[in-house]
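Hi,

Here is the structure I promised to pass on. Have a look at it first, and my notes follow below.

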Amino acid sequence: MTASQHPAYGLLRPVTDTASVLLCNNPGLMTLDGTNTWVLRGPGSDEMVVLDPGPDDDEHIAKLAELGTICLVLISHKHGDHTDGIDMLVDRTGAVVRSVGSGFLRGLGGPLTDGEVIDAAGLRITVMATPGHTADSLSFVLDDAVLTADTVLGRGTTVIDSEDGSLRDYMESLRRLHGLGQRRVLPGHGPELDDLEAVTAMYLAHREERLDQVRGALRELGEDATARQIVEHVYTDVDEKLWDAAEWSVQAQLDYLRS
Ligand SMILES: [Zn+2]
């Protein structure tokens with residue numbers, strides 16, 4: 001068998017013994033190559049657990065529904081590129097959907113809770129609250145890997161949601177993930193990574209470095225400087241197309257430093 005590479009659209013690509021990815025064809029600035037829909041199946045199980053249906057993309061949802069019997073759909077967080085396809089998938093399969101917030105629950109599974117251990121499709125999946133990217137962000141711990149959704153991406157760094165994200169929560173979540181040690185990372189966007197411990201250490205160092213830059217900018221521009229002024233001062237190494245996103249990040253950093 002030859003291993004296929006990320007990105008590969010429209011085909012279920014095995015990544016670990018129990019996790020495969022179906023990459024949605026919705027590439028973009030914030031979605032990287034597209035949304036990773038994870039399909040989990042224990043050895044010998046004829047059922048599967050799906051993490052994140054993805055956007056309301058007919059082709060993607062149809063492909064997903066064809067893969068087999070879905071015993072449970074898990075939702076990593078509220079963003080539409082992970083959740084807009086829920087009802088299309090439920091219409092086709094009748095699958096039970098579980099999440100933190102009530103808005104995405106379908107069927108009788110009930111809300112997910114931090115530390116809960118799910119037994120499904122021949123797997124043990126531990127729910128881990130990792131707020132920060134959004135308030136409802138979850139990661140899911142498998143024996144040999146962690147599904148990190150948008151908390152740790154396969155490439156680049158995560159944006160803190162301007163509505164309910166929190167840099168303080170985010171950094172605490174990264175520390176908790178770091179504490180899980182060396183495991184594979186199965187992210188919500190971008191390719192899988194080999195070492196959770198290394199990538200979370202890198203993310204934390206990057207955030208500390210950015211915070212130092214913002215502290216420096218505040219010293220130069222004055223304590224009342226706006227997020228935009230700081231972006232234009234600090235993010236000179238970043239494509240200008242990303243400055244709006246960077247502005248949210250800087251606002252999160254200012255909130256962190258001013259709180
Ligand atoms: Zn997201």
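Let me start with Glu-47, which counts as partly exposed because its relative accessibility is 32%, between the 20% and 50% cut-offs. Bear in mind throughout that this is a predicted model. Glu-47 sits in strand S4, and leaving out residues up to four places away in sequence, it touches Leu-40, Arg-41, Thr-69, Cys-71 and Ala-121. Its C-alpha is 8.2 Å from that of Ala-120, although 73 residues separate the two along the chain.

Next, helix H1, residues 58-66. Its buried residues are His-60, Ile-61, Ala-62, Leu-64 and Ala-65. The cover over them includes strands S2 (19-23), S3 (36-40), S4 (47-51) and S5 (69-74), along with helix H3 (86-93). At the N-terminal end, Asp-57 acts as the cap, with a side-chain oxygen 3.1 Å from the backbone nitrogen of Glu-59. After the helix comes Gly-68, with a positive phi near 155 degrees.

While you are looking at backbone angles, check two residues that are not glycines. Asp-52 has a positive phi, near 70 degrees, and lies in the loop between S4 and H1. Its relative accessibility is 1%, so Asp-52 counts as buried. Ala-149 also has a positive phi, of about 50 degrees, but its place is in strand S10, residues 145-149. With 4% relative accessibility, Ala-149 counts as buried too.

S10 deserves a closer look. How many of its five residues are buried? Five of the five are. In a regular strand, side chains alternate between the two faces of the sheet. In S10, Ala-145, Leu-147 and Ala-149 are on one side and Val-146 and Thr-148 on the other, and both faces are covered.

As for its partners, S10 pairs with strand S9 (138-141) in the antiparallel sense over two bridges, and a hairpin of three residues joins S9 to S10. With strand S11 (184-187), S10 runs parallel, joined by four bridges. Leu-147 is a handy landmark here: Phe-140 stands opposite it, and so does Leu-186 in S11.

A little further on is Thr-151, in the loop between S10 and helix H4 (167-178). Thr-151 counts as buried because its relative accessibility is 1%. Not counting residues up to four places away in sequence, its contacts are Thr-130, Ser-137, Ser-139, Thr-158, Tyr-170, Leu-174, Leu-177 and Tyr-203.

Now for His-79, in the loop between S5 and helix H2 (80-83). Its side chain makes a polar contact of 2.7 Å with the side chain of Asp-161. Setting aside neighbours within four places in sequence, His-79 is in contact with His-133, Thr-134, Asp-150 and Asp-161. Asp-161 also belongs to a network of salt bridges that links it with Lys-78, Glu-163 and Asp-164. Arg-215, by contrast, is 30 Å from His-79, C-alpha to C-alpha, and 136 residues away in sequence.

On salt bridges overall, the count comes to 15. Here are three others to click through:

- Arg-106 and Asp-87 meet at 2.7 Å, N to O. This pair links distant parts of the chain, 19 residues apart: Arg-106 is in the loop between strands S6 (97-98) and S7 (117-120), and Asp-87 is in helix H3. Arg-106 is partly exposed at 22%, as is Asp-87 at 37%.
- Arg-215 and Asp-212 meet at 2.8 Å, N to O. They are three residues apart in helix H5 (196-221), so about one helical turn separates them. Arg-215 is partly exposed at 31%, and Asp-212 is partly exposed at 47%.
- Glu-232 and Arg-228 have their closest N and O atoms 3.3 Å apart. These two are four residues apart in helix H6 (227-234), so they are also separated by about one helical turn. Glu-232 is partly exposed at 44%, and Arg-228 is partly exposed at 28%.

Last, the surface. Leu-29, Met-30 and Trp-248 form a nonpolar patch there, with about 320 Å² of accessible area together. Trp-248 comes from helix H7, residues 243-258, and counts as partly exposed at 40% relative accessibility.

That's it from me. Over to you!

Key:
Residues are numbered from 1 along each chain as its sequence is written. This is a predicted model: local features need pLDDT of at least 70, side-chain atom pairs count only at pLDDT 80 or more; totals for chains, interfaces and linings use all residues. Side-chain values use heavy atoms; hydrogens and water are left out. Buried means under 20% relative accessible area, exposed over 50%, partly exposed in between (1.4 Å probe, protein chains only). Contact means heavy atoms within 4.5 Å. A polar contact is a pair of N or O atoms within 3.5 Å; within protein, one must be able to donate a hydrogen and the other to accept it, and residues adjacent in sequence count only if both atoms are side-chain atoms. Patches are made of residues with over 30% relative accessible area and no salt bridge: like charges are joined within 9 Å, nonpolar side chains (Val, Leu, Ile, Met, Phe, Trp, Tyr) within 5 Å. Accessible areas come from the Shrake-Rupley method with a 1.4 Å probe; for residues, only the protein chains shown count as cover. A salt bridge is a side-chain nitrogen of Lys or Arg within 4 Å of a carboxyl oxygen of Asp or Glu. Two strands pair if DSSP finds at least two bridges between them.
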